[in-house]
Amino acid sequence: MDLLSLEIFRTVVREGGITRAAEQLHRVQSNVTTRIRQLEQSLGVSLFSRNNKRLVLTPAGEILLGYAERLLNLAVEAREAVQPAVPQGRLRIGSMESTAASRLPLPLARFHQQWPAVQLELSTAPTQTLIDRVRAFTLDAALVAGPLEDPSLTILPLYAEELVLLAPRNHPPISSPDDLQTHTLIAFENGCAYRRHAENWLASGSIPGRRPDRILELGSYHAMLACVAAGAGIALAPRSVLELHNSSESLAIYPIGPAGQIPTYLIRRHDYSSPAFDALSQILQAEAKTIRL
């Protein structure tokens, strides 16, 4: 079992098959197939099973994938440790969709200008998914919403986002959950920290612990804002996102006080560090200081 075989194995898993993995690795399919078979023979187990012509990880393959991620990441760190401390190589960053849209374009542009040798990969997901991916070694770091306490992670506070309540334009004024005429919450899927804060705010009215009557799950802020404007329900969203969408004419926007001040953190595993991450962290912290002002 060598690092190249593990890299081929991981790529087959990520790409969902031999053909796409071969294209990604710039190898012929037969070579990829041979390396997978050799890896299985050396381990004495099957790593994949075929299901309707699709490769599906076996339980042994699931176990090996975790070790492969760690070993390959350690190899990258070892290579960087013996080379000059110049940002290079691959850096996998996760972010909430709102943060990626409103906070990251400028610092990422600066990062690319300063360190063009770094292959930066950005993916978006809800906070809990991002945390799980950092723990599982499939992300090097992520920007997530708090509050957060996790002894397995290094947590760097960056700035606070203001969550505001969005309601249809013709809705009467709202100062607390008791003023709502609808208890349909429009939000992202479970695992979204902002959704959790919205549910907590709804439960803070005169009926303790009240939950939304209905939750309409959507996958983008464009869709959420349009549904609120159409009268489908209410939502909580970062004010910074509203500034991107120019939607103030079609929505009623209300602050919710201290409950709306949500910290944003940059997280990584304790055992992970690289010059590329350090460079991005410095740029994000510098940008955070301007946001606080």
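1. A cavity, as the word is used here, is a set of grid points where a 1.4 Å probe fits but cannot get out, and its lining residues have an atom within 4 Å of a point. In this predicted model, the residues that line the largest cavity are L185, I186, A187, F188, C192, Y194, R195, A198, Y221, M224 and L236. The volume of the largest cavity is about 50 Å³.

2. Three elements, strand 7 (184-187), helix 8 (193-202) and helix 9, each supply at least two residues of that lining. Sorted by class, the lining of the largest cavity has 10 nonpolar residues, no polar ones and one charged.

3. L218 sits in the loop between strand 8 (214-217) and helix 9 (221-229). Leaving aside residues up to four places away in sequence, L218 touches I186, A187, F188, E189, A223, M224 and C227. Among the residues lining the largest cavity are I186, A187, F188 and M224. L218 and P116 are 102 residues apart along the chain, and 35 Å separate their C-alpha atoms.

4. How many cavities of 30 Å³ or more are there? The count comes to two. The second largest holds about 40 Å³ of space, and its lining is made up of R103, L104, P107, L143, L158, Y159, L284 and E287. Strand 6 and helix 11 (275-292) each supply at least two of these residues. By class, the lining of the second largest cavity divides into six nonpolar, no polar and two charged residues.

5. L143, one of the residues lining the second largest cavity, has L266 in strand 11 as its bridge partner. Strand 5 (residues 141-145) and strand 11 run antiparallel and are joined by five bridges.

6. Strand 11 also pairs with strand 6 (residues 153-168): the two run antiparallel, with nine bridges between them. Within strand 11, Q261 stands opposite E162.

7. Why is strand 11 (residues 261-269) described as largely enclosed by the rest of the structure? Seven of its nine residues are buried, so the description follows. The cut-off for buried is under 20% relative accessible area.

8. The domain assignment gives domain 1 (3-82), domain 2 (89-159 + 263-292) and domain 3 (161-261). Domain 2 is thus listed as two segments, 89-159 and 263-292. Taken over C-alpha atoms, the centres of domain 1 and domain 3 are 43 Å apart.

9. The largest pocket has a volume of about 670 Å³. Its lining comprises 26 residues, of which E7, R10, R14, R90 and Q119 are the closest to its centre. By class, the lining of the largest pocket divides into seven nonpolar, eight polar and 11 charged residues.

10. Where does the largest pocket lie with respect to the domains? Domain 1 (3-82) and domain 2 (89-159 + 263-292) both give residues to its lining, so the largest pocket lies between them. At the level of secondary structure, helix 1 (3-15), helix 2 (18-25), helix 4 (59-82), strand 3 (89-95) and strand 4 (118-124) each supply at least two lining residues.

Terms used: Residues are numbered from 1 along each chain as its sequence is written. This is a predicted model: local features need pLDDT of at least 70, side-chain atom pairs count only at pLDDT 80 or more; totals for chains, interfaces and linings use all residues. Side-chain values use heavy atoms; hydrogens and water are left out. Buried means under 20% relative accessible area, exposed over 50%, partly exposed in between (1.4 Å probe, protein chains only). Helices (H or I, at least four residues) and strands (E, at least two) are DSSP runs, numbered from the N terminus. Two strands pair if DSSP finds at least two bridges between them. Domain bounds come from an automatic or database domain assignment. Contact means heavy atoms within 4.5 Å. On a 1 Å grid over the protein atoms alone, a cavity is a set of points where a 1.4 Å probe fits but cannot get out, and a pocket is an open set with protein on both sides within 12 Å along at least five of seven lines; lining residues have an atom within 4 Å of a point. Grid points are joined across faces, edges and corners, and a volume is the space filled by probe spheres set on the points. Ala, Val, Leu, Ile, Met, Phe, Trp, Tyr, Cys and Pro count as nonpolar, Asp, Glu, Lys and Arg as charged, and the others, Gly among them, as polar.
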